[in-house]
Amino acid sequence: MRILLTGGTGFVGRYVLRELLAQGHEVRALIRRGGVPEGFESRNVEVVRSDINGALEQFMQGMDGVVHLVGIIEEIPRKKVTFEMLHTRATQNVVNAAKAVGVPRFIFVSANGASEQGATRYQTTKWAAEEAVRRSGLEHWCVLRPGLIFGDPGMEREEFCTVLASNLIKPFPILPVFGGGLYQMQPIAVEEVAQSVVQALTLPNAHAQTIAAVGRRRLTYIELLDVVTRALGHNPRPKIKVPVSFVQIGMRFAGSMLPITPDQLTMLIAGNVADETDFYDTFSVTERLFDEENLAYLHLRL
């Protein structure tokens with residue numbers, strides 16, 4: 001099939017591109033600007049350039065499906081990089097273009113925790129984007145909601161565990177923990193997410209489904225810190241619990257000096273878990289446990 005891929009230059013996008021090519025698909029990768037990114041040189045990849053909120057119908061011509069990955073984790077309002085613009089409006093624009101040209105298949109990668117009543121704009125705008133897909137009337141669609149994704153990010157170091165290791169675990173002999181640290185997560189390997197995205201394009205059981213993509217293993221934040229610390233070759237570090245109220249006060253004064261935004265703090269302490277049954281029943285993926293062996297890439301990147 002010929003697939004239009006948005007967000008292909010991001011962490012997850014590069015793995016999805018690789019999986020699409022491995023399964024024999026041809027890819028038209030929509031990027032905003034610049035030359036051909038590394039890894040996009042394949043003869044089965046056509047790079048086209050456009051703003052995600054621009055006119056996209058011309059790029060949909062001849063496509064059998066769309067994989068829409070564009071998303072952000074932090075806003076930069078002065079550059080018009082907002083959740084509303086890049087989650088809600090962008091997804092609606094891509095859906096409208098796909099419908100206008102008659103593209104039959106549409107896969108949207110959202111986020112676990114997306115909710116109409118979400119506590120953050122990240123969550124509510126992801127929900128609104130999902131609704132654009134669910135109400136699209138497209139012949140075949142699926143919404144995937146990944147939780148915490150881990151995997152080798154390459155040299156860009158944009159993945160959660162790599163950032164955690166470089167910004168917190170390596171510099172500090174005692175690790176600060178927001179609140180009690182018992183909020184839970186279900187990390188999932190980026191390779192599993194990529195495999196599910198590509199399979200969702202053709203699996204009848206994936207049609208009209210919103211599926212949480214989370215791993216089988218639940219860990220508290222403290223347990224997650226210990227796994228990452230051991231993956232770096234160290235014994236688990238002592239920890240000091242920092243009251244959430246203290247952190248929130250600090251955010252008012254420190255602002256961008258802190259490595260976490262208020263929205264990210266809210267979502268972190270709320271946890272990031274879901275029932276993994278539908279994911280593993282629907283997709284045939286190669287499971288990778290969140291453990292020291294599968295975090296060995298940290299040694300390469302730090």
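**Entry 1: overall fold**

I took helices (H or I, at least four residues) and strands (E, at least two) as DSSP runs, numbered from the N terminus. The model I examined is predicted. On that basis I recorded eleven helices and 13 strands in the chain.

I then looked up the overall dimensions. Along the principal axes, the C-alpha atoms fill a box of roughly 55 × 40 × 40 Å. I noted a radius of gyration of 19 Å, which agrees with the value near 19 Å for a compact globule because the chain has 302 residues.

**Entry 2: burial, contacts and surface**

I found that 52% of the 302 residues count as buried. For contacts between residues at least 6 apart in sequence, I noted that 76% join residues at least 24 apart. The accessible surface comes to about 14,300 Å², and carbon and sulfur atoms account for 50% of that area.

I also checked the charges. The chain carries 31 positive and 32 negative charges, and their mean positions lie 6 Å apart.

**Entry 3: nonpolar cores**

I looked up the largest nonpolar core and found 36 residues in it. Val 16, Val 67, Ile 107, Val 197, Phe 279 and Phe 283 have the most contacts inside this core. Another core, of 32 residues, lies apart from the largest one; I listed Leu 164, Tyr 221, Val 247 and Tyr 297 among its members.

I followed Phe 279 further, setting aside residues up to four places away in sequence. Phe 279 touches Ile 188, Glu 192, Ser 196, Ile 211, Ala 212, Ala 213, Val 214 and Val 285.

**Entry 4: Gln 123**

I located Gln 123 in helix α4, which covers residues 121-134. Is Gln 123 buried or exposed? I entered Gln 123 as buried, because its relative accessibility is 14% and the cut-off for burial is under 20%.

Which residues does Gln 123 touch, not counting residues up to four places away in sequence? I recorded Gly 113, Ala 114, Ser 115, Gly 118 and Met 267. For a distance across the chain I took Phe 40, which is 83 residues from Gln 123 in sequence and 31 Å away in space, C-alpha to C-alpha.

**Entry 5: helix α9**

I turned next to helix α9, residues 262-270. Its buried residues are Asp 263, Gln 264, Leu 265 and Leu 268. For the reading of such a list, I noted that an α-helix has 3.6 residues a turn, so residues three or four places apart point the same way. Just after α9, I found Gly 271 with a positive phi of about 85°.

Technical notes
Residues are numbered from 1 along each chain as its sequence is written. This is a predicted model: local features need pLDDT of at least 70, side-chain atom pairs count only at pLDDT 80 or more; totals for chains, interfaces and linings use all residues. Side-chain values use heavy atoms; hydrogens and water are left out. The radius of gyration is taken over C-alpha atoms; the globule rule is 2.2 Å times the number of residues to the power 0.38. Buried means under 20% relative accessible area, exposed over 50%, partly exposed in between (1.4 Å probe, protein chains only). Contact means heavy atoms within 4.5 Å. Accessible areas come from the Shrake-Rupley method with a 1.4 Å probe; for residues, only the protein chains shown count as cover. Lys and Arg count as positive and Asp and Glu as negative; His and the chain ends are not counted. The place of a charge is taken as NZ of Lys, CZ of Arg, CG of Asp or CD of Glu. A nonpolar core is a set of buried Ala, Val, Leu, Ile, Met, Phe, Trp, Tyr and Cys residues joined through side-chain atoms within 4.5 Å.
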